[in-house]
Structures are given as structure tokens and as C-alpha cells.
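Subject: Structure handover, with notes on side-chain contacts

Hi,

Here is the structure I promised to pass on. Please have a look, and then read on for the notes on its aromatic and charged contacts.

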Amino acid sequence: MPLRRLFAATSLVFLAVLAISPAKNALRPYRSLQRRFRKLGAARAKSLKAAREYMARPVAIQQFWLRDFDNRVDRCTTCHLGVSDAAMAGAPEPFGLHPRTPHTPGDFDRFGCTSCHGGQGPATSREDAHGTSREAGPPMTPLADIEAGCGRCHGGESVAEAPTLSRGRTLLARSGCYACHLVRGHEKFRSAAPPLETESLKTGGTWIRQWLADPRGTDANATMPNFQLTKKQIEALAHYIFSLAPSEELARKIQAAGAEPPGDAENGKKIFAESRCISCHTVEGKGNGSAPELSTVASRASRGWLIEFLREPHAIDPGTLMPGFHFTEAESRDVVDYFESEFRDFNAPPDILAPIRVNQTLAEEGARLFRTAGCFSCHGRTVSEAEKFGPPLDGIGEKKAFSLDFGRRTDLPRTLPAWLNAKITSPRSFAPGLKMPSFGFEPEDARAVVTALLAMTAAPVPEAFRASPEALPVPLPAGRVGELFDRYRCLSCHRVGDRGGDISTAPLTFEGSKVRREWVVNYLVLPFSIRPILPERMPIFRMSREEATAIADAMETFWVDPSIPEDPFAGQPAADRDPEEGARLYVALGCRACHIVGTSGGYYGPPLTDTPSRLKPGWLYSWLKGPQRWRADVRCPNYGLTDRDALRLTAYLESLKPQNASAAAAGGAR
Amino acid sequence: MKRIATVLALAAAAAACSRKPVVRPAHTAAAAAEVPGYELRMGKAVFDHYCATCHGASGGGDGFNSFNLDPRPRDLSAADFQKRKSDPELEDAVRRGGAGVGLSPLMPPWGHTLSDRQISQVVLYVRSLAAHGP
């Protein structure tokens, strides 16, 4: 009897235990959410049929299974039921319609959810899926930083429709982050920081101390971060820097230049203006700002160093963006004496350029500090991957907050973005002895850098999902023209294919198809302002006609696009050549809003009066058919012209007559 | 079965009652409310890049190129202008340009340069200029 009772009791217990699992399942929050969604859908439905369809939805796990995307399983739509349901616009979360993005709606099946949003796809409870529980994997990317999601697949510095990410990536490169931190794709990064060997002949003890204490306070264009050095450290580093010396020949040249007789500052002023130095430098903040501020340069660098740097910049700093100008001995002296007369810091102590008498002990301590503070990462000659000073950053975007050292920062929310933000705005606040310098980012820039960091995953996404900007295989000239390109540092400002700087708005990738050879030669010999509104203009290098011809020939040979016709009118009816019709179109389309022809028009785009001597008709035609194909961000709108209209406009522009001797012709006189 | 039918009937009734405020143009107020930021941010990027040259950074019609233009660019922040033009009208003007809508051809058509989405984003941003404008 007792046995039977026992059997009954155990059976009951067993049954109860069996019931636990289905009961637990039935009570899971997503099930009640799905039932709520049915009702909401039915309530919002516009027809009885649609309402019925909502009510007939089964309560079940929903998922995207992306076999070729890391075998991702994203069950987010189990709760977020309205993401692709247009009727759910404005519905309360978690049922709202996903906002439109370049990939939504339309790409849910390709990318799922976690590829952009992060978080834990297979989880079906809120805490686990969003990664807010301690046991969960990396958490979701907050919406404020959502462009980090774009950056997981999209490589390259500039990502269309992700301005914050692009800004962050630009700042990472400009601030030299990759010099200390290894990041996939940036293994070969070289900092633009100058070598320090000539500093002892360039500047003085007072200036170098000031600079080490606060680079950006000394020069607003500085890219060197603030290492928050103590007085003792500054002293040691200053002595170390002054213990270095350049080659004997260079030292002799700098010293000899310093002893040269005074030049003509008035003439220097003229040369300074015509050389267009503010295309890169600034004077009292005016100018491009990618090179040092010059308004106090004479209190920063010695006369000898400045003269020698103007004569042979690449002997002093082989990696500088500064082009070599053809200044004569006297002219470089004149320019520097103009600096000496006007570009001084009149509040600076008189001994600002007085050298340091090197104390060997301090210099040795400074040499150690040069290694241990990481200075060598930017100022060293070469830094191998193994020598990178900071930790690698791949995977930083997937760290769990619980694995981060918050140290003293008990004030911070325990999240990865908050930690990263504090790390880049006040890196030393976590613990004493940390080495990362502070970059003085504005809050908005700091946010952008955090976004770019959150995009860094430990493993790259599968090949098929990687979207990197199309690399244009544009050859860079070698030999004689290569040397000229190096001498004039064309790539400091101009882009060629996927290389080069962004100071100039004119990429040279298709220059051979674009401009006439004779025009290039004249322009290189004596450049003039094509777009007067831009502060950045082509410097006058005083290139010889022979050099200019060599460069123009190389452009005609290599930098052409085969889809641009030599003669766009070939095989077209004569009526399409009608400049009269083209002139009417020019007025009707409103081209004069931005372009000047003759004496009237806007000056946003280049003036067009000298078009016939400057641009090739094939280029004009191809440009008019779609300017963005040749420069993606150009503001000149695509008017969607027919072939015939584009030809007529081309014919009109080609028929223009320069009203007075154009600047190009003037260039020919040199 | 009967129960489901009742529920449905009730639901349909509820839908009928609550329908009227739901009718909204798909990409104006609704999008702005749902997605604080994204569409507006993209709209600002488009505006700053393409429009600010003439219409000015805050839409006042005072961009640096405006001084070369006759007629001068529209003051987009003006309250009466904002009130007078509907979103579709603004989108149309951006798409087909001044000449396309019977105004000055100095405002170019952007329909071949910007996508429909970018145009609706920039109109969304132009709407936000009224709030911040003088």
C-alpha cells in the first residue's frame, strides 16, 4: 500500500516537473509581447482581412538565419515584430517600424540585425539579447553611435551616409592613433611627425619646454597630443632633444645660413604672398591649418633653420608635406627676414630661442623617457608592428563593460561607450601612471572617435560583406616625373586615384583627359587662381618650362580615362554643334548662378571664359553628362542632360572668347 | 471560433475608432518623431554640402554665393514661407529646380544628383530651420 502511495506521489512530482518546462516557455515575455502585437496590429489594421491576419499569427520565435554571414542567427524580430511593417510607423517599442536607412527596408535578409546593431542575436530575453546582463556577450551599440555598425563592413576613411563615423576615422588618422595602436588595415601607418635631429639648431630651450607642456596651446594647428609631462620630465626630454644633432653637412648649412647678411623683408613679403603659403599654413588662424601657424614662426625657429628649410625642406624632414620651392639664395633670405620683422611673438621672452647647454645625466634620462613615454612611435625613424607602443585596438568595439578597468572613474556609467569617451577625453583620469596622452577633442569630435572605435571588431566580417572604397589602380609616375612629384609634393594636396591629400579640390586622376596639354604647361609654370573663393590655391613653384612639360606629358600618357572621347562631336549631326542653342541652354539652366562668363555670374564654380584654352571638349561633354562620376562630392548638379544638349553646351563653352589676355597666356610669357 | 470572431469584431471596432490620427505623410512628422537624429542628420549633411552655399548655413538666404544671384535665394527660415509650402511642394522644387516650378533657374534641379531619400531628408532639415531660425 505505502508503495502504491509512494508511486502516486512520485508520479505527481514527476508530472509537475515535466510541466515546468512548457510552463516556463508559456510564461516567457516574448509570448505575451507577441500576443500584444497581434492586438495592436489588429487595432491599427485598415481592413478586417488585415486584422484577421494579425490575429492569426502564430506565437513563435522569429529569426533570420544568415548562413554565409558568420552563420548568424538573429532572433530580434521575435519581439521587434514591426520592423518591416509599414503599418507600425510610430508604434510603441518594441513594435515600431525600423527607420529607413541605406539598408532598410530591403536588406534584412542579407544582414539581419546584429551586424549593424551588435548585441546577442540568438538570445530571446531582453537582457540577454541587448547584452545588459552580466552573463551576456558584448552589448548592443547605442543608437547615438549607430554609425559604428556601418563601419564593421565599410572600410576606408570616408563612408557615405555615415558622417560621424567618417569624421571619427579622419580624427584617428590625423591624431596619429595608429602610430601607437595596431589596427587592421593601418599596419603601415606612418606619423607625419618630424624627426628631432635638427631641433637643437631650430629652436630654443624656452620654446621647446613650452611646446612639450602644451603643444596645442603653443600652435593651434598642432597634431601632437598633450602628454601631461611633469616639469622634471619636460626638462629631461628637452635636454635629450638638444643632445641630438643632424649630419655635419646639414648643421654647417644651417649655421652658415643664420650668419648670412640681412635680406629685403619687403621683397620677402611679396614672395610670401605669391607663394600661397596659407594654402596649408595659417597666419593668425587664416588658412588651411594642416601645417603650422606662421604668425609667430620667427619666435619658434631660428633664422638659419628657416632659411635652410625653405631651400631644402626634404633634407631636414624627408617626410614633410612641404614642397620644395625654387627660391634663390637671396629670396629665401628675404622671406625669412620678412618673418623676422613681422611674424614674431612680441610677448615671448627674449631668450626664447636660446639653446640648452646639455646636461648629460638629464639627456640620458630624456632618452629613456623618449622610449618609455612612447615618443618614438611618431618621432622614431621606423616602428615595427611588434614595437607598437599601445595595445592593439581590433576588438575594442566588442568589449564587455565588465571586462574594462574603470579604476578611479566610479562616476562613469558602466558601459563601453562611456568608458571609451572618458578614455579619449581624459585618459589619465583612470589611474596614476597611465601613458596615453590627451588630444583635446571637442565633445562632438570625441563622440565621433568613439563611434569609429566601436566599429573595430576582433575578426573582420566575411569577405563577401566587406565594402571598401574602390581602389583606383592609377599609376604614379616613376623616374624623372616621379622625382618632380616628390620635389613639389603634389600628393600633399592633390588626390591621384586613392592616394594623396585633400587640400586641393582638383583630383589629378583623369587630368590628362581633362585639360589641354599647353594649358597645363603654362599653369605649372605660372599658376593662377582658378577658383578665387578658395583660400587654398596652387603655390607658385617657379617650375621650369622643361619640368612642366615633363609633367604634362606624363598626365597625357597615364592619367586618362578611355571613356572620355577625344572629339565628342565625331559622328554627330552638325546641329548638335550649335553654340547658339548651347548659349540658350546656359541661360535656361542657370549655370551663371555659380560660373562667370565674361563679366557676370557667381564665383562658386570656376569661371568659364577661358574654357577653350583650358578644358578638352571630350571632358566638358563627359562632365556635363554627370559631374559626380568624376568627383563624387562635387556640388555642380547633374542636370540629366540629353546627349544633344550636353554637346550643344560643350559647343557653346568651346566657342567662348577670352576677353582680355587670359592668365594662361600670361603664364606663357615666363 | 465564435470567440475569435468576437475579438475580431471588437478589434475592428477599436481600429475604426482610433484610425483618424494615424493618417500622416510617411516621411515627415512620423519619421522625425521615430528617429530622432538619423534622417535629420543626413538632411543636414546634404544641406550643408549642397544648399548652404547660396541659402546660408541657417537657411536665411544669405550664403556667400547669394550676393551674386538675382533674384536672391529664398529665406528658408521665414515663417510665412514655411507655412505656405507643403512638403511635396518643397521636394518638387528641390527635384526639378527653380525652372521646373516656374521660379528662377538659378536654383538648379537636384533630382539627378540626390536620391529621393536624400531629397526628403533635406526637406525634413529645411523644416527644422524654421524652429531655429530668427
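Which residues form one aromatic cluster with Phe272(A)? They are Tyr338(A), Phe339(A) and Phe343(A).

Some bookkeeping before the rest. This is a predicted model, in which local features need pLDDT of at least 70 and side-chain atom pairs count only at pLDDT 80 or more, while totals for chains, interfaces and linings use all residues. Residues are numbered from 1 along each chain as its sequence is written, chains are lettered from A and ligands numbered from 1 in the order in which they are written, and side-chain values use heavy atoms, with hydrogens and water left out.

Aromatic pairs

Over all chains there are 32 aromatic pairs (rings of Phe, Tyr and Trp, the last by its six-membered ring, with centres within 6.5 Å; planes under 30 degrees apart are stacked, over 60 edge-to-face, the rest tilted). One of them, Phe69(A) with Phe465(A), is stacked, at 4.0 Å centre to centre and 25° between the planes. Phe69(A) is in the loop between strand 1 (64-66) and strand 2 (72-74) of chain A, and Phe465(A) in the loop between helix 22 (443-454) and helix 23 (479-487), so the pair ties together parts 396 residues apart in sequence (helices, H or I, of at least four residues and strands, E, of at least two are DSSP runs, numbered from the N terminus). Phe69(A) is buried at 0% relative accessible area, and Phe465(A) is buried at 12% (buried is under 20%, exposed over 50%, partly exposed in between, with a 1.4 Å probe and protein chains only).

Phe510(A) and Trp630(A) meet edge-to-face, 5.2 Å centre to centre with 85° between the planes. Both Phe510(A) and Trp630(A) are buried.

Salt bridges

The count here is 38 over all chains (a side-chain nitrogen of Lys or Arg within 4 Å of a carboxyl oxygen of Asp or Glu). Glu274(A) and Arg542(A) form one at 3.3 Å, N to O, linking parts of the chain 268 residues apart. Glu274(A) is partly exposed at 31%, whereas Arg542(A) is buried at 19%.

In chain B, Lys44(B) and Asp48(B) form a salt bridge at 2.8 Å, N to O. Both lie in helix 3 (residues 38-55), four residues apart, about one turn of the helix. Back in chain A, Glu260(A), Arg311(A), Glu329(A) and Arg333(A) are linked in a network of salt bridges.

Happy browsing!
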